[in-house]
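Please open the structure in your viewer and keep the selection tool at hand. We will move from one selection to the next, and at each stop there is something particular to look for.

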Amino acid sequence: MVATTSTMSPLPPELNEIVRGQLGRLPQLADELARLLSEKEEFYRRLEHSSPHELRKVCEVNLGRAFRAFLEAREVDVETARKTGRAQARLGIPISAALRAFRIAGTFAYERMLEHAVGPRQLTPEQLLSASATVWHIIDSFSDVIAEAYTEVATDSARYDNKARLALIDGLLDGRFTRPEEFEDAARVLRLPPEGPFVVVYAEPKPDDDRGLSGLVDPRSRAVWRRTTDGEVGVVPVERSADLRALRQALDAVALPVGVSPAVAGLRLLPAALRRARIARACLAPGETGAVGFGDRPVTTMVAGAPKLARELAKEVLKDLLALPEAEREPLLRTMQVWFAEHGSARDAAERLFVHPNTVRYRIRRVQELTGRDLTDPRGISELYLAVESVRLEP
(Lines give C-alpha, C1' and ligand atoms only; values in the text may rest on other atoms or scores of the structure.)
Protein backbone atom coordinates (compact mmCIF):
# COMPACT_ATOMS: atom_id res chain seq x y z
CA MET A 1 0.00 0.00 0.00
CA VAL A 2 1.35 3.43 -0.96
CA ALA A 3 0.46 6.85 0.32
CA THR A 4 -2.88 7.90 -1.20
CA THR A 5 -3.80 11.21 -2.75
CA SER A 6 -7.60 11.22 -2.32
CA THR A 7 -8.99 14.07 -0.26
CA MET A 8 -11.02 14.37 2.93
CA SER A 9 -13.57 17.04 3.76
CA PRO A 10 -11.89 20.44 4.43
CA LEU A 11 -11.83 21.52 8.05
CA PRO A 12 -13.55 24.69 9.24
CA PRO A 13 -11.16 27.67 9.60
CA GLU A 14 -11.42 27.57 13.41
CA LEU A 15 -10.19 23.98 13.53
CA ASN A 16 -7.45 24.70 10.98
CA GLU A 17 -6.08 27.34 13.33
CA ILE A 18 -6.13 24.86 16.23
CA VAL A 19 -4.33 22.19 14.21
CA ARG A 20 -1.62 24.66 13.15
CA GLY A 21 -1.13 25.47 16.79
CA GLN A 22 -0.68 21.75 17.52
CA LEU A 23 1.97 21.48 14.81
CA GLY A 24 3.91 24.18 16.61
CA ARG A 25 3.85 22.06 19.78
CA LEU A 26 4.92 18.77 18.16
CA PRO A 27 8.01 18.08 20.33
CA GLN A 28 6.01 18.64 23.52
CA LEU A 29 3.09 16.54 22.26
CA ALA A 30 5.47 13.76 21.22
CA ASP A 31 6.94 13.68 24.75
CA GLU A 32 3.47 13.49 26.27
CA LEU A 33 2.34 10.74 23.90
CA ALA A 34 5.47 8.69 24.50
CA ARG A 35 4.88 8.85 28.25
CA LEU A 36 1.22 7.94 27.78
CA LEU A 37 2.07 4.91 25.64
CA SER A 38 4.63 3.70 28.16
CA GLU A 39 2.00 3.97 30.91
CA LYS A 40 -0.66 2.10 28.92
CA GLU A 41 1.36 -0.66 27.21
CA GLU A 42 4.07 -2.88 28.70
CA PHE A 43 5.93 -3.24 25.40
CA TYR A 44 6.18 0.53 24.93
CA ARG A 45 7.27 0.87 28.55
CA ARG A 46 10.25 -1.34 27.73
CA LEU A 47 10.93 0.62 24.56
CA GLU A 48 10.72 3.90 26.50
CA HIS A 49 13.32 2.52 28.88
CA SER A 50 15.68 1.13 26.21
CA SER A 51 15.23 3.69 23.38
CA PRO A 52 13.37 6.77 24.60
CA HIS A 53 14.63 8.98 21.77
CA GLU A 54 13.41 6.48 19.17
CA LEU A 55 9.90 6.27 20.65
CA ARG A 56 9.58 10.09 20.77
CA LYS A 57 10.80 10.39 17.20
CA VAL A 58 8.17 7.92 15.97
CA CYS A 59 5.45 9.74 17.92
CA GLU A 60 6.51 13.12 16.51
CA VAL A 61 6.64 11.93 12.90
CA ASN A 62 3.25 10.20 12.96
CA LEU A 63 1.52 13.05 14.83
CA GLY A 64 2.97 15.52 12.35
CA ARG A 65 1.74 13.53 9.35
CA ALA A 66 -1.73 13.24 10.87
CA PHE A 67 -1.98 16.99 11.63
CA ARG A 68 -0.76 17.90 8.13
CA ALA A 69 -3.34 15.58 6.60
CA PHE A 70 -5.96 17.53 8.58
CA LEU A 71 -4.73 20.85 7.25
CA GLU A 72 -4.37 19.75 3.62
CA ALA A 73 -7.66 17.82 3.58
CA ARG A 74 -5.98 14.72 2.12
CA GLU A 75 -5.41 11.14 3.09
CA VAL A 76 -2.62 10.68 5.61
CA ASP A 77 0.74 9.47 4.30
CA VAL A 78 1.01 6.03 5.90
CA GLU A 79 4.50 5.02 4.78
CA THR A 80 6.04 6.03 8.09
CA ALA A 81 3.37 4.03 9.90
CA ARG A 82 4.23 1.06 7.67
CA LYS A 83 7.92 1.31 8.61
CA THR A 84 6.95 1.66 12.26
CA GLY A 85 4.71 -1.40 12.02
CA ARG A 86 7.42 -3.52 10.40
CA ALA A 87 9.94 -2.43 13.03
CA GLN A 88 7.52 -3.24 15.85
CA ALA A 89 6.72 -6.63 14.35
CA ARG A 90 10.43 -7.47 14.21
CA LEU A 91 10.80 -6.39 17.84
CA GLY A 92 8.10 -8.87 18.81
CA ILE A 93 5.53 -6.26 19.84
CA PRO A 94 2.10 -7.94 19.47
CA ILE A 95 -0.10 -6.50 16.75
CA SER A 96 -2.85 -5.93 19.33
CA ALA A 97 -0.48 -3.66 21.29
CA ALA A 98 0.55 -1.79 18.13
CA LEU A 99 -3.07 -1.18 17.10
CA ARG A 100 -4.00 -0.03 20.61
CA ALA A 101 -1.06 2.38 20.50
CA PHE A 102 -2.41 4.06 17.35
CA ARG A 103 -5.88 4.29 18.87
CA ILE A 104 -4.36 5.83 22.00
CA ALA A 105 -2.42 8.27 19.80
CA GLY A 106 -5.55 9.23 17.83
CA THR A 107 -7.55 9.82 20.98
CA PHE A 108 -4.66 11.79 22.46
CA ALA A 109 -4.43 14.07 19.40
CA TYR A 110 -8.22 14.63 19.37
CA GLU A 111 -8.32 15.49 23.07
CA ARG A 112 -5.47 17.96 22.72
CA MET A 113 -7.34 19.70 19.90
CA LEU A 114 -10.50 19.87 22.00
CA GLU A 115 -8.57 21.53 24.83
CA HIS A 116 -7.97 24.48 22.52
CA ALA A 117 -11.46 24.51 21.02
CA VAL A 118 -12.98 26.50 23.90
CA GLY A 119 -13.75 30.09 24.64
CA PRO A 120 -14.45 32.49 21.78
CA ARG A 121 -13.25 29.90 19.23
CA GLN A 122 -15.57 27.17 20.48
CA LEU A 123 -16.66 24.77 17.68
CA THR A 124 -20.23 23.83 16.89
CA PRO A 125 -21.40 20.20 17.48
CA GLU A 126 -21.44 19.68 13.69
CA GLN A 127 -17.81 20.83 13.43
CA LEU A 128 -16.77 18.60 16.33
CA LEU A 129 -18.53 15.63 14.70
CA SER A 130 -16.66 16.28 11.47
CA ALA A 131 -13.35 16.53 13.31
CA SER A 132 -14.09 13.31 15.22
CA ALA A 133 -14.92 11.45 11.99
CA THR A 134 -11.67 12.68 10.44
CA VAL A 135 -9.64 11.53 13.45
CA TRP A 136 -11.10 8.04 13.31
CA HIS A 137 -10.63 7.91 9.57
CA ILE A 138 -6.93 8.59 10.10
CA ILE A 139 -6.76 5.99 12.89
CA ASP A 140 -8.39 3.43 10.59
CA SER A 141 -5.86 4.25 7.85
CA PHE A 142 -2.97 3.74 10.26
CA SER A 143 -4.52 0.52 11.62
CA ASP A 144 -4.95 -0.94 8.12
CA VAL A 145 -1.35 -0.31 7.17
CA ILE A 146 -0.08 -1.62 10.53
CA ALA A 147 -1.96 -4.88 9.95
CA GLU A 148 -0.48 -5.10 6.44
CA ALA A 149 3.01 -4.45 7.78
CA TYR A 150 2.68 -7.22 10.38
CA THR A 151 1.45 -9.63 7.68
CA GLU A 152 4.42 -8.74 5.46
CA VAL A 153 6.88 -9.37 8.29
CA ALA A 154 5.18 -12.66 9.21
CA THR A 155 5.36 -13.79 5.57
CA ASP A 156 9.02 -12.81 5.30
CA SER A 157 9.77 -14.54 8.58
CA ALA A 158 8.02 -17.74 7.52
CA ARG A 159 9.94 -17.73 4.24
CA TYR A 160 13.21 -17.19 6.09
CA ASP A 161 12.33 -19.81 8.70
CA ASN A 162 11.58 -22.37 5.98
CA LYS A 163 14.90 -21.66 4.26
CA ALA A 164 16.69 -22.00 7.58
CA ARG A 165 14.96 -25.32 8.27
CA LEU A 166 15.91 -26.66 4.84
CA ALA A 167 19.50 -25.55 5.36
CA LEU A 168 19.62 -27.40 8.69
CA ILE A 169 18.19 -30.58 7.16
CA ASP A 170 20.69 -30.39 4.29
CA GLY A 171 23.55 -29.89 6.75
CA LEU A 172 22.51 -32.97 8.73
CA LEU A 173 22.02 -35.19 5.69
CA ASP A 174 25.21 -34.02 3.97
CA GLY A 175 27.33 -34.50 7.08
CA ARG A 176 28.41 -30.86 7.23
CA PHE A 177 27.81 -30.59 10.98
CA THR A 178 30.50 -31.86 13.33
CA ARG A 179 30.24 -29.90 16.59
CA PRO A 180 27.87 -30.92 19.40
CA GLU A 181 26.31 -27.44 19.54
CA GLU A 182 25.43 -27.66 15.82
CA PHE A 183 23.50 -30.88 16.40
CA GLU A 184 21.82 -29.40 19.49
CA ASP A 185 20.70 -26.32 17.53
CA ALA A 186 19.40 -28.45 14.66
CA ALA A 187 17.46 -30.71 17.03
CA ARG A 188 15.89 -27.70 18.77
CA VAL A 189 14.86 -25.91 15.55
CA LEU A 190 13.61 -29.07 13.83
CA ARG A 191 11.98 -30.34 17.04
CA LEU A 192 13.76 -33.68 16.86
CA PRO A 193 14.95 -35.77 19.82
CA PRO A 194 18.74 -35.21 19.82
CA GLU A 195 19.63 -38.84 20.53
CA GLY A 196 17.02 -40.45 18.29
CA PRO A 197 16.65 -43.18 17.36
CA PHE A 198 15.79 -42.26 13.77
CA VAL A 199 15.23 -43.98 10.48
CA VAL A 200 15.78 -42.23 7.17
CA VAL A 201 13.19 -42.79 4.45
CA TYR A 202 14.00 -42.27 0.78
CA ALA A 203 11.53 -42.29 -2.09
CA GLU A 204 11.06 -40.98 -5.59
CA PRO A 205 7.64 -39.31 -5.80
CA LYS A 206 5.97 -38.82 -9.13
CA PRO A 207 6.74 -35.41 -10.72
CA ASP A 208 3.12 -34.26 -10.31
CA ASP A 209 2.80 -35.54 -6.71
CA ASP A 210 2.76 -32.48 -4.46
CA ARG A 211 2.26 -34.44 -1.25
CA GLY A 212 4.86 -37.16 -1.62
CA LEU A 213 5.51 -39.18 1.53
CA SER A 214 5.05 -36.22 3.86
CA GLY A 215 1.34 -36.19 3.03
CA LEU A 216 0.93 -39.91 3.69
CA VAL A 217 2.84 -40.49 6.93
CA ASP A 218 1.16 -39.71 10.25
CA PRO A 219 2.01 -36.04 11.06
CA ARG A 220 2.27 -36.98 14.75
CA SER A 221 5.48 -38.84 13.92
CA ARG A 222 7.34 -35.47 14.03
CA ALA A 223 9.11 -36.42 10.83
CA VAL A 224 11.22 -33.86 8.97
CA TRP A 225 10.95 -33.96 5.17
CA ARG A 226 13.16 -32.63 2.40
CA ARG A 227 12.63 -32.69 -1.36
CA THR A 228 15.90 -33.21 -3.23
CA THR A 229 16.74 -33.13 -6.92
CA ASP A 230 16.25 -36.89 -7.22
CA GLY A 231 13.67 -37.73 -4.58
CA GLU A 232 12.24 -37.10 -1.13
CA VAL A 233 14.02 -37.74 2.16
CA GLY A 234 12.42 -38.10 5.56
CA VAL A 235 14.04 -38.19 8.99
CA VAL A 236 11.56 -40.00 11.26
CA PRO A 237 11.98 -40.45 15.03
CA VAL A 238 11.16 -44.02 16.09
CA GLU A 239 11.54 -43.86 19.85
CA ARG A 240 9.42 -46.99 20.33
CA SER A 241 9.26 -50.23 18.35
CA ALA A 242 5.59 -49.44 17.76
CA ASP A 243 6.62 -46.24 15.98
CA LEU A 244 8.72 -48.19 13.49
CA ARG A 245 5.96 -50.75 12.91
CA ALA A 246 3.42 -47.99 12.24
CA LEU A 247 5.82 -46.28 9.84
CA ARG A 248 6.48 -49.49 7.91
CA GLN A 249 2.76 -50.21 7.66
CA ALA A 250 2.10 -46.73 6.29
CA LEU A 251 4.93 -46.97 3.77
CA ASP A 252 3.99 -50.48 2.63
CA ALA A 253 0.66 -49.08 1.45
CA VAL A 254 2.03 -46.29 -0.74
CA ALA A 255 2.20 -46.62 -4.50
CA LEU A 256 5.83 -45.49 -4.55
CA PRO A 257 9.19 -47.26 -4.31
CA VAL A 258 10.50 -46.50 -0.81
CA GLY A 259 13.72 -47.38 0.99
CA VAL A 260 14.03 -47.37 4.78
CA SER A 261 17.31 -47.27 6.66
CA PRO A 262 18.07 -49.18 9.85
CA ALA A 263 17.42 -47.20 13.02
CA VAL A 264 20.37 -45.03 14.07
CA ALA A 265 21.07 -43.26 17.36
CA GLY A 266 21.92 -39.58 17.04
CA LEU A 267 21.78 -36.97 14.29
CA ARG A 268 25.46 -37.50 13.50
CA LEU A 269 24.65 -40.84 11.81
CA LEU A 270 22.01 -39.50 9.43
CA PRO A 271 24.33 -39.34 6.35
CA ALA A 272 25.12 -43.06 6.72
CA ALA A 273 21.43 -43.81 7.25
CA LEU A 274 20.53 -41.91 4.08
CA ARG A 275 23.04 -43.97 2.05
CA ARG A 276 21.43 -47.14 3.35
CA ALA A 277 17.93 -45.88 2.62
CA ARG A 278 18.99 -45.21 -0.98
CA ILE A 279 20.43 -48.71 -1.26
CA ALA A 280 17.21 -50.16 0.16
CA ARG A 281 15.24 -48.23 -2.44
CA ALA A 282 17.49 -49.66 -5.16
CA CYS A 283 16.39 -53.16 -4.12
CA LEU A 284 13.12 -52.51 -5.95
CA ALA A 285 13.12 -53.19 -9.68
CA PRO A 286 11.72 -50.63 -12.14
CA GLY A 287 7.95 -50.52 -11.74
CA GLU A 288 7.90 -52.07 -8.25
CA THR A 289 6.37 -50.14 -5.37
CA GLY A 290 6.20 -50.50 -1.61
CA ALA A 291 8.74 -50.16 1.17
CA VAL A 292 11.97 -52.13 1.53
CA GLY A 293 14.16 -51.90 4.61
CA PHE A 294 17.93 -52.06 4.36
CA GLY A 295 18.81 -55.72 4.92
CA ASP A 296 15.30 -57.07 4.35
CA ARG A 297 16.79 -58.88 1.34
CA PRO A 298 20.49 -59.32 2.16
CA VAL A 299 21.71 -60.58 -1.22
CA THR A 300 19.64 -58.03 -3.11
CA THR A 301 20.95 -55.36 -0.76
CA MET A 302 24.52 -56.34 -1.68
CA VAL A 303 23.65 -56.18 -5.38
CA ALA A 304 21.99 -52.77 -4.99
CA GLY A 305 24.88 -51.48 -2.88
CA ALA A 306 27.50 -52.37 -5.52
CA PRO A 307 25.52 -52.30 -8.78
CA LYS A 308 28.47 -51.90 -11.12
CA LEU A 309 30.38 -54.85 -9.66
CA ALA A 310 27.18 -56.93 -9.55
CA ARG A 311 26.55 -56.27 -13.25
CA GLU A 312 30.07 -57.37 -14.13
CA LEU A 313 29.64 -60.62 -12.20
CA ALA A 314 26.18 -61.19 -13.71
CA LYS A 315 27.53 -60.82 -17.23
CA GLU A 316 30.22 -63.36 -16.42
CA VAL A 317 27.82 -65.88 -14.89
CA LEU A 318 25.06 -65.40 -17.51
CA LYS A 319 27.12 -64.59 -20.58
CA ASP A 320 25.88 -67.54 -22.69
CA LEU A 321 22.28 -66.98 -21.59
CA LEU A 322 22.45 -63.25 -22.30
CA ALA A 323 23.81 -63.98 -25.77
CA LEU A 324 20.55 -65.72 -26.77
CA PRO A 325 17.90 -63.93 -28.88
CA GLU A 326 15.45 -61.94 -26.74
CA ALA A 327 12.54 -64.28 -27.45
CA GLU A 328 14.50 -67.18 -25.91
CA ARG A 329 16.42 -65.23 -23.28
CA GLU A 330 13.56 -63.38 -21.55
CA PRO A 331 11.42 -66.46 -20.65
CA LEU A 332 14.46 -68.13 -19.11
CA LEU A 333 15.35 -65.07 -17.00
CA ARG A 334 11.74 -64.50 -15.97
CA THR A 335 11.37 -68.14 -14.96
CA MET A 336 14.48 -67.96 -12.79
CA GLN A 337 13.27 -64.78 -11.10
CA VAL A 338 9.87 -66.32 -10.27
CA TRP A 339 11.41 -69.65 -9.23
CA PHE A 340 13.66 -67.89 -6.73
CA ALA A 341 10.72 -65.78 -5.50
CA GLU A 342 8.70 -68.96 -4.94
CA HIS A 343 11.50 -70.56 -2.91
CA GLY A 344 12.43 -73.09 -5.59
CA SER A 345 8.92 -74.50 -6.13
CA ALA A 346 8.35 -75.39 -9.79
CA ARG A 347 4.61 -75.82 -9.17
CA ASP A 348 4.15 -72.36 -7.55
CA ALA A 349 6.32 -70.72 -10.19
CA ALA A 350 4.24 -72.37 -12.92
CA GLU A 351 1.04 -70.94 -11.43
CA ARG A 352 2.48 -67.44 -11.50
CA LEU A 353 3.82 -67.87 -15.05
CA PHE A 354 0.66 -69.60 -16.35
CA VAL A 355 2.65 -72.56 -17.71
CA HIS A 356 2.95 -76.25 -16.88
CA PRO A 357 5.38 -77.19 -14.07
CA ASN A 358 7.35 -79.29 -16.56
CA THR A 359 7.93 -76.13 -18.60
CA VAL A 360 9.46 -74.51 -15.54
CA ARG A 361 11.67 -77.57 -14.95
CA TYR A 362 12.80 -77.59 -18.58
CA ARG A 363 13.74 -73.91 -18.47
CA ILE A 364 15.68 -74.38 -15.22
CA ARG A 365 17.66 -77.25 -16.74
CA ARG A 366 18.35 -75.04 -19.77
CA VAL A 367 19.71 -72.28 -17.51
CA GLN A 368 21.96 -74.78 -15.72
CA GLU A 369 23.35 -75.94 -19.06
CA LEU A 370 24.01 -72.38 -20.28
CA THR A 371 25.63 -71.18 -17.04
CA GLY A 372 27.37 -74.30 -15.84
CA ARG A 373 25.79 -73.83 -12.40
CA ASP A 374 24.20 -76.73 -10.53
CA LEU A 375 21.09 -75.73 -8.58
CA THR A 376 21.62 -78.56 -6.13
CA ASP A 377 24.93 -76.92 -5.12
CA PRO A 378 24.58 -74.05 -2.60
CA ARG A 379 27.38 -72.15 -4.33
CA GLY A 380 25.75 -72.54 -7.73
CA ILE A 381 22.42 -71.36 -6.33
CA SER A 382 23.97 -68.28 -4.69
CA GLU A 383 25.90 -67.30 -7.83
CA LEU A 384 22.83 -67.64 -10.03
CA TYR A 385 20.62 -65.77 -7.55
CA LEU A 386 23.06 -62.86 -7.37
CA ALA A 387 23.30 -62.71 -11.18
CA VAL A 388 19.53 -62.93 -11.69
CA GLU A 389 18.90 -60.22 -9.09
CA SER A 390 21.38 -57.93 -10.82
CA VAL A 391 19.54 -58.37 -14.12
CA ARG A 392 16.16 -57.82 -12.40
CA LEU A 393 17.28 -54.52 -10.96
CA GLU A 394 18.64 -53.19 -14.26
CA PRO A 395 16.69 -50.09 -15.39
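Begin by selecting Phe177 and Phe183, which are both buried (under 20% relative accessible area, with a 1.4 Å probe and protein chains only). This is a predicted model in which local features need pLDDT of at least 70 and side-chain atom pairs count only at pLDDT 80 or more, while totals for chains, interfaces and linings use all residues. Residues are numbered from 1 along each chain as its sequence is written, and side-chain values use heavy atoms, with hydrogens and water left out.

Rings of Phe, Tyr and Trp (its six-membered ring) pair if their centres lie within 6.5 Å, and planes under 30 degrees apart count as stacked, over 60 as edge-to-face and the rest as tilted. The ring centres of Phe177 and Phe183 are 6.4 Å apart and their planes stand at 85°, so this pair is edge-to-face. Next select Trp339, Phe340 and Tyr385, which ring pairs link into a cluster.

Now go to strands E2 (residues 224–227) and E3 (residues 232–237), where strands are DSSP runs of E with at least two residues, and helices are runs of H or I with at least four, numbered from the N terminus. The two strands run antiparallel and are joined by four bridges, where pairing requires that DSSP finds at least two. A hairpin of four residues connects E2 to E3, and Arg227 stands opposite Glu232 in E3.

Notes. Buried < 20%, exposed > 50% of the residue type's maximum accessible area, 1.4 Å probe, protein only.
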